[in-house]
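Visitor: I'd like to go through this one and ask how each label is earned. Could you show it to me?

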Amino acid sequence: MTAQINPTRSTQDYQALDAAHHIHAFLDQKALNEKGALVIAKGQGLHLWDTDGKRYLDGMSGLWCTALGYGREDLNAAATRQLAELPYYNLFFHTTHPRVIELSELLFSLLPAHYSHAIYTNSGSEANEVLIRSVRRYWQILGQPQKKIMIGRWNGYHGSTLGSTALGGMGFMHEMGGMLPDFAHIGEPYYFAEGGDLSEEAFGLKAARELEAKILELGAENVAAFVAEPFQGAGGMIFPPASYWAEIQRICRQYDVLLCADEVIGGFGRTGEWFAHEHFGFQPDTLTIAKGLTSGYIPMGGLVFSKRMAEVLVDRGGVFAHGLTYSGHPVAAAVAIANLKALRDEGIVSRVKNDTGPYLQKLLRETFANHPLIGDVQGAGMVAALQFAEDKASRKRFANENDIAWHCRTVGFDEGLIIRSTLGRMIMAPALVATHAELDELVEKTKRAVDRTGRELKLL
Ligand code: PMP
């Protein structure tokens, strides 16, 4: 497969201009400037091309977002039509527009019946900012304004804005000016690392009961909500034991604490269910959505409310002094509609559940279950993680696992594969439209990257 790429400058010129003017996310800019950024110029299906024409298989759907892959003409047409018809109008005060209304109709037809309302945003971070204010407003309306502490998890990720950083549990982000009062954290349900001698089931209950202990420590009358990703994404695609979520739900109900699921990665078919909380079998009060809502073709996120919350906010709350200029943007809404229709009408989500998801998961386990460097394979549908481990039986992790995984990621790029590393884990989330052949390529290239890492770092 070749691509028509039309760079107007050389790669070196792009890199020099990038180094001169842009600060990259989560990377030492000075070190990057010495090497130059990778300039991606073109995408089609699951493949990307850089400005030198090198092809990559995108095993990460961009940042977990391009569910439909690159180059979809129907999404392009939906955006173009909307740009011509009504490129902008807003949802302030008493106005609205057809596309956002149609999007809501479609979105709520895909969601379980106990959700009824949404506020749209431009990103996942913003949606979690809306969450923080909505949850506080909810308890204020109910006459409990002191009930405002939100509990997240260490190593959870909810965004890079101030509130979402505080809600998340990335310690290094907190240290860089990202902490606020009224946020608390509990441990993550990371069995491979923390399970000790416990069975997975017992560890899942233990990890969940940290929430109960934290609520009791803070006083249930002060705790507004528990917020977590159904499976951790940026934290390493960590899937909790099966016992975890039911116990979390019991605790939230017992202490009247809202249960909020961040579905920014898990939403829109990633696990094979439309939403990841359905995969794990629990019922959150809110859902944070973004990424797969538009397949990343245009920025859009949102916060979905259960009927229980919406009744309080809408029927009893009066004015909610909150609004974003681009909330429910018509072009974003048009793209989201085209995207959701494709996911539904082309049977893509059901194929992930019944065909391609099981195929990928089986292939990964067959390939890596007995690999000397891999201690665990986790995942469901089109999301998976490989855990580097020195000794699988005792679940002993490499002391320098971060460096090992980063090396593997770098080798992957060299092999024409985009996968990502988090601590000692290689994580992948290909587009939901991936074919068996593309999944074969993904796993084969990942194996090559893991083997090369073992040889080059003398681990084998
Ligand atoms: N929540 C989760 C679970 C995420 O993974 C992310 C982004 N990776 C966000 C929120 C933030 O979304 P955004 O980058 O669109 O602000």
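Guide: Happy to; keep in mind that this is a predicted model. Let's start with the ligand, which is surrounded by S123, G124, S125, N128, Y157, H158, G159, E229, D262, V264, I265 and K291.

Visitor: What makes a residue part of the shell around the ligand?

Guide: One of its heavy atoms has to lie within 4 Å of the molecule. D262 is an example, since a polar side-chain atom of D262 lies 2.7 Å from a nitrogen atom of the ligand.

Visitor: And what makes the approach of G124 to the ligand a polar contact?

Guide: The cut-off is an N or O pair within 3.5 Å. For G124, a polar backbone atom is 2.9 Å from an oxygen atom of the ligand, so the pair qualifies. K291 passes as well, with a polar side-chain atom 3.0 Å from a nitrogen atom of the ligand. As for cover, the ligand has 390 Å² of accessible area on its own, and the protein covers 83% of that.

Visitor: Which helix gives the most to the shell around the ligand?

Guide: That's helix α6, residues 124–141, with three residues. By class, the shell has six polar, three charged and three nonpolar residues.

Visitor: Which members of the largest nonpolar core touch the most others?

Guide: F226, L343 and F388, out of 108 residues in that core. Helix α14 (residues 330–345) gives the most to this core, with ten residues. Beyond its neighbours within four places in sequence, L343 is in contact with A67, L68, F268, W274, G292, I348, V349 and L432. There is also a second, separate core of 22 residues, with Y138, M309, A310 and V312 among them.

Visitor: Why is W64 called buried?

Guide: Buried means under 20% relative accessible area. W64 has 4%, so the label fits. W64 is found in helix α3, residues 61–64, and its phi is near 60 degrees, a positive value in a residue other than glycine. Most residues other than glycine have a negative phi.

Visitor: Why does R395 count as buried?

Guide: R395 comes in at 19% relative accessibility, and the limit is under 20%, so R395 counts as buried. R395 sits in the loop between β12 (383–388) and α16 (401–414). Its phi is near 55 degrees, again a positive value in a residue other than glycine.

Visitor: Is D403 buried or exposed, and how do you know?

Guide: Exposed takes over 50%, and D403 has a relative accessible area of 53%, so D403 is exposed. D403 is found in helix α16. T422 is 19 residues from D403 in sequence and 9.9 Å away in space, C-alpha to C-alpha.

Visitor: Why is H114 called partly exposed?

Guide: Partly exposed is what lies between the 20% and 50% limits, and H114 has 23%, so that label applies. H114 is in the loop between α5 (98–110) and β4 (115–121). Setting aside residues up to four places away in sequence, H114 touches Q283, P284, S306 and K307. The C-alpha atoms of H114 and Q283 are separated by 8.9 Å, although the two are 169 residues apart along the chain.

Visitor: How do you know that the side chains of H114 and Y115 make a polar contact?

Guide: Their side chains are joined at 3.4 Å, and the limit is 3.5 Å. Residues adjacent in sequence count only if both atoms are side-chain atoms, and here the contact is between side chains.

Definitions and conventions: Residues are numbered from 1 along each chain as its sequence is written. This is a predicted model: local features need pLDDT of at least 70, side-chain atom pairs count only at pLDDT 80 or more; totals for chains, interfaces and linings use all residues. Side-chain values use heavy atoms; hydrogens and water are left out. A polar contact is a pair of N or O atoms within 3.5 Å; within protein, one must be able to donate a hydrogen and the other to accept it, and residues adjacent in sequence count only if both atoms are side-chain atoms. Accessible areas come from the Shrake-Rupley method with a 1.4 Å probe; for residues, only the protein chains shown count as cover. Helices (H or I, at least four residues) and strands (E, at least two) are DSSP runs, numbered from the N terminus. Ala, Val, Leu, Ile, Met, Phe, Trp, Tyr, Cys and Pro count as nonpolar, Asp, Glu, Lys and Arg as charged, and the others, Gly among them, as polar. A nonpolar core is a set of buried Ala, Val, Leu, Ile, Met, Phe, Trp, Tyr and Cys residues joined through side-chain atoms within 4.5 Å. Buried means under 20% relative accessible area, exposed over 50%, partly exposed in between (1.4 Å probe, protein chains only). Contact means heavy atoms within 4.5 Å.
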